[in-house]
Amino acid sequence: MSSSEDPVGRRDFLKTAAAGAAAFAAETHQDDRDHPQNSDHDHQAVPSDLTLRVKALESLLVEKGLVDRTSLDLIVDAFETKIGPRNGARVVARAWVDPAYKKRLLSNAAAAIAELGFTSHQGEDMVVLENGPKVHNLVVCTLCSCYPWPMLGLPPVWYKSAPYRSRAVIDPRGVLTEFGVELGDDVEVRVWDSTAEIRYLVLPERPAGSEHLGEDALTALVTRDSMIGTAKVALAPRGAAA
Amino acid sequence: MNGVHDMGGMQGMGPIVREPNEPTFHAGWEGRVFALSRVLRTRGGPWNLDAFRHGIETLPPAEYLRMTYYERWFAWMLRTVVAAEDATQAEIEAGVPAAGSPRKAPLVTADAVPSMVALRSSARRDVRVASRFKAGDEVRARNMHPTGHTRLPRYVRGKSGWVVVDRGVFLFPDTNAHLQGEKPQHLYSVRFAARELWGEQASPRDSVHLDLWDDYLERP
């Protein structure tokens with residue numbers, strides 16, 4: 001189906017579709033939405049049905065005194081501008097340069113993370129998993145979208161999507177190959193399905209050749225995906241994409 | 001429940017599509033839905049985290065698969081606003097409160113937001129509960145199929161593994177989601193060999209770890 005269909009038309013079409021077809025279409029739909037640069041129309045140009053419906057509900061709840069509009073603005077702003085993978089990257093870089101810190105991080109993640117000034121209650125139920133030459137950890141939430149928000153921000157769409165959630169546990173090596181991570185048969189893959197309120201952060205391997213780099217330069221190398229376990233850290237920064 | 005959300009091990013869902021430089025929210029309404037959810041969840045009761053997850057799980061399967069992530073959240077919110085009697089369906093349709101409806105005081109105000117986004121209410125409970133298992137024990141995930149909320153995925157039911165560590169006492173989502181109490185109990189990190197779950201096609205070295213509550217486990 002074409003990406004130029006409006007969301008309302010698409011929804012009506014899909015209501016009549018069989019479940020299997022809907023499953024396929026949902027991913028297509030998601031792709032369209034997630035790649036506005038590839039779409040042949042601008043999703044934002046005309047207020048969508050959802051924009052109007054969400055606005056109506058928000059207004060109603062504000063009118064009824066159930067929510068305060070400024071607090072909503074601040075929550076959105078916090079997750080758009082303050083809480084993101086740079087938090088986790090700082091923790092990783094510190095662990096790379098300070099072996100004693102790394103030891104504390106692996107044994108009591110909450111306390112070690114708090115040392116860097118992050119006050120996260122979620123941290124108390126946080127576990128850090130160390131990747132190495134013989135062990136590769138990969139984090140998923142097959143049931144929903146559990147993710148270490150204070151360290152990584154909100155998860156990317158792929159992490160919450162059916163393809164990743166379904167395959168990470170049954171075919172982790174296939175998933176890793178798709179992400180460009182090739183592991184030898186001698187490497188043990190440990191998948192962590194976040195079924196409870198424990199949150200997992202992967203401590204990736206420090207890249208070879210980074211010995212001369214300081215903590216700030218190392219922080220810049222650490223990618224979001226490397227802290228989920230779907231990437232290794234490369235010496236050359238690969239930008240914000242990963 | 002054996003819902004479509006329980007996706008571990010399913011096949012045919014297509015390639016994993018990644019978006020370079022992905023924004024936090026893809027449209028303004030997504031951010032509003034996220035923020036509204038965070039605020040409403042502080043109301044507890046039918047707004048609690050486990051009830052929220054169960055609300056998403058009980059969306060009709062085809063709808064669940066069709067919807068984007070925050071569309072699911074919005075659908076849950078519309079339903080829960082009515083179920084929690086915070087608004088009526090008529091008010092939602094009209095977009096304004098009914099004449100004479102009481103005005104409440106928001107639970108979350110602007111000054112509370114910084115701590116709210118930094119602090120996440122923990123599901124850990126500081127109560128003494130006996131643990132039935134300890135690190136090193138062989139355990140089997142029970143072959144159970146509750147119709148309500150559960151965090152025991154289908155793909156491990158009936159499978160055997162080992163307790164790696166006792167994570168302590170946590171509230172039990174299966175009861176909390178249905179407002180039937182927290183039933184705090186021990187939570188264990190359980191390691192399953194990939195071959196126990198998936199057979200010969202899996203690497204003999206690999207494993208899958210899940211955090212499972214006492215009530216999900218039995219001695220093999």
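**Exercise 1. In this predicted model, find what a side-chain oxygen of Asn48(B) reaches at the start of H2(B).**

Solution. Go to the start of H2(B) and pick out Asn48(B). Now follow its side-chain oxygen: the backbone nitrogen of Asp50(B) lies within 2.8 Å of that atom.

**Exercise 2. Decide whether helix H2 of chain B is mostly covered or mostly open, and list its buried residues.**

Solution. Start with the extent of the helix: H2 of chain B runs over residues 49–57. Next, apply the cut-off: a residue is buried when its relative accessible area is under 20%. Eight of the nine residues pass this test, and the helix is mostly covered. Walking along H2(B), you meet the buried residues Asp50(B), Ala51(B), Phe52(B), Arg53(B), His54(B), Gly55(B), Ile56(B) and Glu57(B).

**Exercise 3. Which elements help to cover the buried residues of H2(B)?**

Solution. Look in chain B to begin with: the cover includes helices H1 (28–41), H3 (61–66), H4 (69–83) and H7 (173–176). Then turn to chain A, where strand E4 (199–203) also takes part in the cover.

**Exercise 4. Place H2 in the whole of chain B: how many helices and strands does the chain have, and what share of its residues is buried?**

Solution. Count the elements: chain B has eight helices and five strands. Read them in order and you get α-α-α-α-α-α-β-β-α-β-α-β-β. Finally, check the burial: 54% of the 220 residues of chain B count as buried. For scale, the C-alpha trace of chain B spans about 65 × 45 × 35 Å along its principal axes.

Definitions and conventions
Residues are numbered from 1 along each chain as its sequence is written. Chains are lettered from A and ligands numbered from 1 in the order in which they are written. This is a predicted model: local features need pLDDT of at least 70, side-chain atom pairs count only at pLDDT 80 or more; totals for chains, interfaces and linings use all residues. Side-chain values use heavy atoms; hydrogens and water are left out. Helices (H or I, at least four residues) and strands (E, at least two) are DSSP runs, numbered from the N terminus. Buried means under 20% relative accessible area, exposed over 50%, partly exposed in between (1.4 Å probe, protein chains only). Contact means heavy atoms within 4.5 Å. A polar contact is a pair of N or O atoms within 3.5 Å; within protein, one must be able to donate a hydrogen and the other to accept it, and residues adjacent in sequence count only if both atoms are side-chain atoms.
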